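Me: I'd love to go through this protein with you, one question at a time. Could you reason each answer through and finish on the value or name I ask for?

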Amino acid sequence: MGANLYPAMNAFSRVACALFLSLFTVSACAAVPEVAVNSTMRAYQWHDGAQLRTVWLNPALWMEFNASEGSKASVLNAVPAASVMSEQGDVRYWKVPESDLIPRTTAVLSEVFHVAPDPSAPALSLPGNVLITLQSGWDLKTVNAWFAAHRLKPVKQLDMSGNVWVIQSPPGLASLTLANQLAETAGVVNASPNWWRPAALK
């Protein structure tokens, strides 16, 4: 991951940023908090424990996870003007016509965000899943009942003190939406999207 994205980021969110897990699908209802800025880069907020932090969406970039030749063809079929900037393993960086809308494709795509309203600022993306901490006194039966009541599917319980879980979510803004929704839900101590930071955007 490299240096912390925010100097005062708490331990919970540092774990969230280090996770890069398998991608799943789940519904999310609440809107992502949005902050108006005088820029084509729209600002969004997320919960870092008790603190709200801001990231800025870059409308000209997408990040693709689990990239393949088939998914590349799917993106180009949906957006012929898109072009590959670079590839790092199974992660592909796309330059696209400025838009906040990611089309339906077979590719696993996320918006690209920056930690400041500047496209040269460190970049982040969301491969999917949300990290949550539930009430420490809850036993497994209570936790599973809570998941069922909220129609959430756990991926795994992390080997940490407390009820810390990874739950399934789609990539991109949908996972940010779900994390913010859960942060305001009774029984949740912390909820953060699974931020992923590339080595570099070139």
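Me: Thanks! In which strand is N163 found?

Reply: Happy to help, and please keep in mind that this is a predicted model. The strand in question covers residues 163–167 and is joined to β9 by three antiparallel bridges. N163 is found in strand β10.

Me: Is N163 buried or exposed, and what is its relative accessible area?

Reply: Leaving aside neighbours within four places in sequence, N163 is in contact with several residues, including I132, L134, W138 and V143. Buried means under 20% relative accessible area. N163 is buried, with a value of 7%.

Me: Which residue has its backbone oxygen 3.0 Å from a polar atom of the N163 side chain?

Reply: Among the contacts of N163 beyond its close sequence neighbours are T133, Q135, S136 and Q157. One of these supplies a backbone oxygen that lies 3.0 Å from a polar atom of the N163 side chain. That residue is Q135.

Me: What is the order of the strands in the open sheet of four?

Reply: Let's start from the edges: β9 (154–157) and β11 (188–193) each have a single partner strand, so one side of each is left without a neighbour in the sheet. The pairing is antiparallel, and the twist averages 25° from one strand to the next. Between β9 and β10, P154 stands opposite I167. The full order is β9-β10-β8-β11.

Me: Helix α4 lies across this sheet's strands β8, β10 and β11; at about what angle does α4 run to β11?

Reply: Helix α4 takes in residues 173–183, and β8 is the strand at 130–134. The helix lies across β8, β10 and β11. Its angle to β11 is about 170°.

Me: How many of the 11 residues of α4 are buried?

Reply: The buried residues are L173, S175, L176, T177, L178, A179, N180 and L182. Helix α4 is therefore largely enclosed by the rest of the structure. The count of buried residues is eight.

Me: Moving to another part of the chain, how many of the 15 residues of strand β3 are buried?

Reply: Strand β3 spans residues 51–65. It pairs with β6 (residues 108–114) over seven antiparallel bridges and with β5 (residues 91–95) over four, also antiparallel. Strand β3 is largely enclosed by the rest of the structure, because its buried residues number 13.

Me: Which residue in β5 is the bridge partner of W62?

Reply: We can work along the partners of β3. Y44 stands opposite V55, and W56 has H114 in β6 as its bridge partner. For W62, the partner in β5 is W94.

Me: Which residue in the turn of the β2 and β3 hairpin has a positive phi?

Reply: Strand β2 (residues 42–48) is joined to β3 by seven antiparallel bridges. Two residues lie between these strands in the hairpin. The one with a positive phi, about 65°, is G49.

Me: Where is the pLDDT below 50?

Reply: For the whole chain, the mean pLDDT is 81, and 77% of residues reach 70 or more. The stretch below 50 nonetheless has 76 contacts in the model beyond near neighbours in sequence. That stretch is residues 14–38.

Me: Finally, what percentage of the 202 residues count as buried?

Reply: The chain has four helices and 11 strands. Of the contacts with a separation of 6 or more, 68% are between residues 24 or more positions apart. The chain exposes about 9,500 Å², with carbon and sulfur atoms supplying 52% of that area. The share of residues that count as buried is 48%.

Notes
Residues numbered from 1 in each chain as written. Predicted model: local features only at pLDDT ≥ 70, side-chain atom pairs only at ≥ 80, totals over all residues. Heavy atoms only, no water. Buried < 20%, exposed > 50% of the residue type's maximum accessible area, 1.4 Å probe, protein only. Contact = heavy atoms within 4.5 Å. Areas by Shrake-Rupley, 256 points an atom, 1.4 Å probe, with all protein chains shown as cover. pLDDT = per-residue confidence, 0-100. Pairing = 2+ DSSP bridges. Axes fitted to C-alpha atoms, helices over the stretch in contact; angles between N-to-C directions. Polar contact = N/O pair within 3.5 Å; in protein donor to acceptor, adjacent residues only side chain to side chain.
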